[in-house]
Amino acid sequence: MKRLVISILVLVSLLAAACSQAAPAPAPAPTQAPAQPAAAPQPKAAEPTKAAAPAAQPTAVPAPPKVDFPAKGKSITIIVPTAAGGPMDMGARNMATELERQMGWSVNVVNKAGAGQQLGYTDLAQGKPDGYTLGLITIENAIGLYLDTQRKAVFKQDSFMPIAMQTQDPGAVGVKASSPYKSLADLVNAAKANPGKLAIGTIGIMTSPHLAAVKFQQSAGVKMAIVNFDASSEREAALMGGKLEANVGTVSAFATLEKAGELRTIAVLAKQESAEAPGVKTAEAQGHKVYSASTRAFAAPAGTPKEIMDILVDGMAKVMKSASYKELAMKVGQPPMYLGPKEVETFWKETEADTKANMELAKSELK
Amino acid sequence: MNAFQDLLMGFTIALSPENLLFALIGCIFGTMVGVLPGVGPSAGMALLIPMTYQLPATSAIIMLAAIYYGAMYGGTITSVLLNVPGEAASAVTCLDGYQMAKQGRAGAALAIAAVGSFVGGTIAVMGLVVAAPLTRFALEFGPVEFFAMMIFALTLVTGLAGKSIVKGMMSGVFGLLLGTVGMDPTRGMARFTFDRMELMDGVGFIPVIMGLFGVGEILVNAQGQFRPIFETKVSSLLLTIRDLKASFWPILRGTGIGFFMGIVPGVGVTPAAFTSYTVEKKLSKTPEKFGTGMIEGVAGPETANNACANAALIPLFTLGIPGSAVVAILMGAFMINGLVPGPLLFKEHPEVAWAVIASMYIGNVILLILNLPLINIWITLLKVPYSILFALVLGFMVLGAYGVDGKAFDVGVMLLFGVVGFTMRKLDIPLAPAVLTLILGPMMERALRRALQISQGDFAIFMESPISAVLLVAAGIVLLLPALRFLPLGRIRGLGGADAEV
């Protein structure tokens with residue numbers, strides 16, 4: 001009896017070891033790969049510094065060694081800097097599923113939450129630049145992390161090589177549906193009538209929505225009460241409970257409650273109106289130049305070789321333009337918005353400059 | 001009544017063979033996940049979410065929900081048998097449950113935990129059916145009320161103190177200090193992080209709890225030679241009538257406490273379990289016996305944590321607001337399947353909503369059936385020689401600590417707190433208050449800061465809200481009550497004011 005129990009225990013511990021390894025949730029096992037990767041859509045693959053043979057198949061020269069990426073049996077890991085189940089996580093899993101289905105690659109999603117996404121980004125920046133470690137980055141968040149010197153982030157923009165932009169969730173201002181506010185002007189008037197009393201909810205500190213709230217306060221010219229929460233659910237609960245007058249968040253964060261008729265989005269914090277929030281004017285159109293967004297892009301650590309980057313870029317581009325990916329993405333409310341690596345870098349630079357300015361403003365406000 | 005008919009319809013869907021199967025898988029997986037220390041329902045759910053892509057929406061959600069509430073059943077097992085909490089909420093079960101195990105009554109402890117969990121879970125699910133007005137009430141709890149509630153909960157720390165109030169307070173303050181590590185909630189300044197990024201979110205409380213209770217226990221037992229600590233013959237799961245009678249009221253009260261704390265988004269399961277324990281202790285005729293194996297100390301908290309976990313799904317269903325990070329994963333599962341949790345769900349996809357609710361009833365039944373017979377198997381574990389058993393347990397815990405977030409750092413934290421726990425045990429300083437304050441402290445601070453942000457620094461806001469005012473006054477009374485007894489007799493009877501003439 002004793003021996004039986006001991007052997008069961010040993011078996012269970014082995015199981016637990018296996019489970020704990022897998023606990024950073026892997027994506028499902030790759031479906032049959034019909035063709036080897038690096039097949040059709042990679043004419044640019046692996047041109048080592050041999051004879052510069054243009055696209056045509058070389059004949060006399062032995063076939064140029066194609067970069068075998070991803071190699072058979074090796075898995076690509078996408079690091080998600082948030083916990084499982086959230087929008088970033090779902091977005092990454094969608095991409096992983098489609099990469100497996102369409103490109104035949106083996107892709108795992110690993111969650112590395114903590115420190116406001118800093119842990120995940122650090123892992124990515126310090127990851128091996130061999131193409132097998134990738135990550136999903138919320139650009140505005142990452143910027144906020146390394147611009148805040150106190151956080152001692154070990155990464156900067158050039159620690160990452162963007163592969164593809166995935167989606168951009170525009171910032172939004174939402175109010176309780178039963179409240180009298182129909183536009184930003186209404187909020188501003190209410191604030192002016194009660195300076196320092198209009199409570200506005202945001203998430204995080206020095207994050208895009210927080211900075212936007214501070215900017216809005218400045219643009220309105222009247223003091224409000226900005227409240228920082230940790231999670232959008234708490235913020236929304238407080239709004240529903242009447243503890244806050246308005247929330248600064250994103251269009252998709254408000255989508256659930258909006259559809260349920262509990263919340264009304266009164267402004268979109270982007271240059272154009274959003275298809276996901278039809279009929280809602282931009283903040284700019286309402287006289288307040290406030291912008292915020294949650295822009296997510298896949299990236300690899302700096303130093304990843306060009307041939308591998310090309311394969312990754314092409315692979316993700318193909319997936320993102322496909323109908324099946326779009327279907328998955330729309331299910332989680334993340335309309336695909338594709339931008340290639342160069343455009344992402346430009347966007348990143350601009351956003352960093354904006355954020356720097358806004359952070360100075362917010363810091364002076366926090367004093 | 002329309003809701004009743006809808007519920008019946010839900011049952012017909014939930015009782016289909018495939019949905020039953022998924023509920024069963026979820027329950028088993030959830031229990032396993034609960035048993036493994038450190039691996040919580042979020043890890044389990046995250047593991048299975050990708051597989052749910054292929055499944056129809058209803059089945060997927062049924063399975064994931066079963067993992068979620070199943071984990072609450074599993075967490076008890078290691079707490080009772082090994083003094084290692086399966087998750088934070090089960091830490092309080094260690095206090096009396098483990099003692100019961102030492103007296104050979106592990107079976108009774110596990111059985112009453114299963115029964116209480118069933119009652120608590122089922123009643124909480126009933127709450128889902130009449131949910132709407134409850135959620136509105138729950139939403140009344142903004143940061144202000146939250147803070148008041150936490151203050152009230154903190155006064156309960158005294159109940160956990162055991163023999164020496166001073167030592168209990170020391171433990172409590174230690175927990176509070178520990179809770180300050182990390183980023184402060186409103187200014188974003190790093191406190192006590194020693195430049196380590198891993199500490200930015202605080203000292204992870206699962207590793208700390210596993211260290212204090214689990215590793216500490218192992219170290220304490222390692223002092224002597226490994227003699228079997230379970231002296232008497234381990235009884236089977238027979239619950240005596242006395243046990244059932246004693247547990248009746250704790251279970252009912254636990255249900256109430258857990259339910260109430262569950263529908264307020266953000267409170268969490270652990271405060272519910274602790275509150276129930278302290279309430280039971282205060283209401284008991286023999287409070288000094290708590291900590292030596294009182295079955296009420298197991299029945300109440302175990303019921304509370306299940307009631308809380310099930311009730312936490314209510315805001316998700318009625319408003320689409322997840323009450324905790326784990327529930328948020330469930331919400332993600334809804335959304336992946338194109339469903340929007342909230343009132344719309346009942347209008348547009350009533351069959352999914354009610355099927356999931358019905359399957360929660362079924363799930364609780366399945367778990368009861370699963371867990372009761374298994375108790376015998378678990379108990380056999382105790383027959384394994386201590387030296388082998390605890391080596392294995394330590395191994396599990398290291399895996400569990402690592403599995404929380406994939407950080408080896410957490411393992412180090414756990415081991416460090418194992419030494420701390422050992423020291424506290426040697427000094428007779430109770431562990432429970434530290435755990436309570438470790439969890440409540442940060443929550444309280446966040447609530448306080450946000451309340452003050454709303455009021456822009458005006459403390460009067462705490463009295464302006466009726467709920468908050470009541471809670472704060474109640475907390476004051478609980479604190480001062482013992483002191484009143486020191487006043488000369490004849491002037492005071494019970495709660496009376498100074499002028500009450502007898």
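Reader: What makes the meeting of the side chains of His288(A) and Ser219(A) a polar contact?

Author: This is a predicted model, and in it those two side chains come to 2.7 Å from each other. The cut-off for a pair of N or O atoms is 3.5 Å, so a pair at 2.7 Å makes the grade.

Reader: Okay, and why does His288(A) count as buried?

Author: Its relative accessibility is 9%. Buried means under 20%, so His288(A) gets that label. The residue sits in the loop between β8 (263-269) and β9 (293-301) of chain A. Not counting residues up to four places away in sequence, His288(A) touches Leu184(A), Val188(A), Phe216(A), Ser219(A), Ala220(A) and Ala283(A). Ser219(A), the polar contact partner, is on that list too.

Reader: What does the side chain of Asp130(A) reach?

Author: The backbone nitrogen of Tyr132(A), at 3.0 Å. Again the limit is 3.5 Å, so 3.0 Å passes. You'll find Asp130(A) in the loop between α3 (118-125) and β3 (133-138) of chain A. Leaving aside neighbours within four places in sequence, Asp130(A) is in contact with Phe69(A), Thr304(A) and Ile308(A).

Reader: Phe69(A) again! What is the peptide bond from Phe69(A) to Pro70(A) like?

Author: That one is cis, with omega near -10°. Most peptide bonds are trans. Pro70(A) belongs to the loop between α1 (2-22) and β1 (76-80) of chain A.

Reader: What makes the phi of Met206(A) worth a look?

Author: The phi is positive, about 65°, although Met206(A) is not a glycine. Most residues other than glycine have a negative phi. Look for Met206(A) in the loop between β5 (199-203) and α6 (208-220) of chain A.

Reader: And what is the phi of Asp428(B)?

Author: Near 65°, and Asp428(B) is a residue other than glycine as well. Its place is in the loop between α19 (408-426) and α20 (432-455) of chain B.

Reader: Buried or exposed: which are Met206(A) and Asp428(B)?

Author: Met206(A) has 9% relative accessibility. That is under the 20% limit, so Met206(A) is buried. Asp428(B) has 54%, and over 50% means exposed, so exposed is the word for Asp428(B).

Reader: How do you know that Val220(B) is buried?

Author: Same kind of check: its relative accessible area is 18%. The limit is under 20%, so Val220(B) counts as buried. This residue is part of helix α10 (residues 205-221) of chain B. Apart from residues up to four places away in sequence, Val220(B) touches Phe422(B) and Arg425(B). Arg425(B) is 205 residues along the chain from Val220(B), yet their C-alpha atoms are separated by 7.7 Å.

Reader: Why are α4(B) and α15(B) called roughly antiparallel?

Author: Check the angle. The axes of α4 (residues 57-82) and α15 (residues 325-336) of chain B come within 10 Å and cross at roughly 175°. Over 145 degrees counts as roughly antiparallel, so the pair is given that name.

Reader: Which residues of α4(B) and α15(B) meet?

Author: From α4(B) come Ile61(B), Leu64(B), Ala65(B) and Tyr68(B), and from α15(B) come Val326(B), Val327(B), Leu330(B), Ala333(B) and Phe334(B). By class, the contact has nine nonpolar residues, no polar ones and no charged ones.

Reader: How many helices and strands does chain B have?

Author: There are 22 helices and two strands. Of the 502 residues in chain B, 60% are buried.

Note on methods:
Residues numbered from 1 in each chain as written. Chains lettered and ligands numbered in written order. Predicted model: local features only at pLDDT ≥ 70, side-chain atom pairs only at ≥ 80, totals over all residues. Heavy atoms only, no water. Axes fitted to C-alpha atoms, helices over the stretch in contact; angles between N-to-C directions. Helix = DSSP H or I, 4+ residues; strand = E, 2+ residues; numbered from the N terminus. Parallel < 35°, antiparallel > 145°, perpendicular 65-115°, else oblique. Contact = heavy atoms within 4.5 Å. Nonpolar A, V, L, I, M, F, W, Y, C, P; charged D, E, K, R; others polar. Buried < 20%, exposed > 50% of the residue type's maximum accessible area, 1.4 Å probe, protein only. Polar contact = N/O pair within 3.5 Å; in protein donor to acceptor, adjacent residues only side chain to side chain.
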